[in-house]
Amino acid sequence: MAKRASGIETKLIHTGEPRIGGAVAMPIFQSSTFLHEGETGYHDVKYIRLNNTPNHLALHEKLAALENAEAALVTASGMAAISTTILAMLSSGDHLLAQNCLYGGTHDFVTKDLPKLGIAVDFIDGDDPDGWRAKLRPNTKGVYVETLSNPLLQVADLKSVVLFARKNDLVSMIDNTFASPINFRPAEWGFDLSLHSCTKYLNGHNDIVAGAVIGRAELVQRVKHKLDHFGGTLDPHACFLLHRGIKTLAVRMRYQSESALRLATFLEEHPAVARVNYPGLTNHPAHQRARELFDGFSAMLSFEVKGDAAAAQRLLDRLTLPIVAPSLGGVETLITRPATTSHAGLSPQQRHDLGIADGLIRVSVGIENTADLISDFEDALGE
Ligand SMILES: *Cc1c(COP(=O)(O)O)cnc(C)c1O
């Protein structure tokens, strides 16, 4: 172990690496059950569903270290992390405040499932602390936000969210998927729990689904017990792939962020483009806030071309490098129209209210050569 507090690049490689049997790469422990060694509590028995095999424990140690948090837990998907956490923190009769532009799956869960379980939800504007106070109820127990909103890449007033949660005794939860621990570490800013779809940047290779909960030990323990019951456990092979993929997170994320800034700058200057949303651009409404909070601007951007949705679709059809597919955060550049994928479940009016035009295009910038990528966009945008 390094003697001084290690940089995040070093932790990615050397923390959570038990070197069992001398193995440099973490082996897969493909065993559902393990010798009983005197454990007394149900949650401590060694069994895959109880999230405590060597593969799980190695990931928990690494993920907690990456965000300078007390503890971490991996889950079968990002949605398993999100749903299990919310259900561990809130019970029937409680009330949740949630940011108004949530990831589609989370939005569906909090609007369709929570009310049936007796948990009420109100949506808040991430930029309007006065509005948050107005929606506070005696039974409000939690506040839920996202680091960067999808697909407009807005940045909520995250410092005020933490202050508001502390003052009102709420559990603060943040979906940190888009930023990754490279660009934002919620525990350092006072958030109680950080949630991830590890399907995205943490794994980075578009080949598994996985999730994580990172934060205060006592709360992570509560989520673990809930997960033990619900069964949303990450299987050892997916643990292995995540543990392997995560090692290159810093080099991937920084290269992708640099590429995204160059592509965003190119698009912004192109006459056929009407508008670009990327927090690294100085004219982005939350650019200063992003500079203060983040170590980098991430590699997600969205933009609108001049003309209608058909013009946007034509561009997608003409691009040769970006793959038209949902999801994000992997080594391949992926491109989508949120109106037809992530936000297809909303009505045109709801999308309009959120500022999501039908022609909006979202790009998850991968690790291809940046000039190749820009030249592909240049050709596709040309007459
Ligand atoms: C993909 C995603 C999720 C859901 O994660 P899964 O791994 O697909 O379950 C949650 N939040 C955000 C921001 C995401 O991008």
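User: In this predicted model, which residue has a polar side-chain atom 2.8 Å from an oxygen atom of the ligand?

Analyst: The shell around the ligand holds 13 residues, and the closest include Thr 199 and Lys 200. The residue whose polar side-chain atom lies 2.8 Å from a ligand oxygen is Ser 197.

User: How much of the ligand's accessible area does the protein cover?

Analyst: Taken on its own, the ligand has 380 Å² of accessible area, and the place where the ligand sits is the largest pocket. The share of that area covered by the protein is 92%.

User: Which residue has a side-chain N or O atom 2.6 Å from a nitrogen atom of the ligand?

Analyst: Two contacts can be set side by side here, and one of them involves the backbone, since a polar backbone atom of Met 79 is 2.8 Å from an oxygen atom of the ligand. The other contact reaches a nitrogen atom of the ligand at 2.6 Å, and the side chain that provides its N or O atom belongs to Asp 175.

User: Which helix gives the largest share of the shell around the ligand?

Analyst: By residue type, the shell divides into six nonpolar, five polar and two charged residues. By element, the largest share is three residues, and these come from the helix that spans residues 78-89, namely α3.

User: Which residue in β9 stands opposite Asn 277?

Analyst: The open sheet has five strands with mixed pairing, in the order β8-β9-β12-β11-β10. Its edge strands, β8 (273-277) and β10 (323-324), each pair on one side only. Four bridges join β8 to β9, which covers residues 300-305, and these two strands run antiparallel. Opposite Asn 277, the residue in β9 is Ser 302.

User: What is the omega of the peptide bond from Asn 150 to Pro 151?

Analyst: Pro 151 belongs to the loop between β4 (140-146) and α6 (158-167). Most peptide bonds are trans. The bond from Asn 150 to Pro 151 is cis, with omega near 5°.

User: What is the phi of Asn 51?

Analyst: Asn 51 is placed in the loop between α1 (8-14) and α2 (54-66). Most residues other than glycine have a negative phi. Asn 51 is a residue other than glycine with a positive value, its phi being near 60°.

Key. Residues are numbered from 1 along each chain as its sequence is written. This is a predicted model: local features need pLDDT of at least 70, side-chain atom pairs count only at pLDDT 80 or more; totals for chains, interfaces and linings use all residues. Side-chain values use heavy atoms; hydrogens and water are left out. A residue is near a molecule or strand if one of its heavy atoms lies within 4 Å of it. A polar contact is a pair of N or O atoms within 3.5 Å; within protein, one must be able to donate a hydrogen and the other to accept it, and residues adjacent in sequence count only if both atoms are side-chain atoms. Accessible areas come from the Shrake-Rupley method with a 1.4 Å probe; for residues, only the protein chains shown count as cover. On a 1 Å grid over the protein atoms alone, a cavity is a set of points where a 1.4 Å probe fits but cannot get out, and a pocket is an open set with protein on both sides within 12 Å along at least five of seven lines; lining residues have an atom within 4 Å of a point. A molecule sits in a cavity or pocket if more than half of its atoms lie within 2 Å of its grid points. Ala, Val, Leu, Ile, Met, Phe, Trp, Tyr, Cys and Pro count as nonpolar, Asp, Glu, Lys and Arg as charged, and the others, Gly among them, as polar. Two strands pair if DSSP finds at least two bridges between them.
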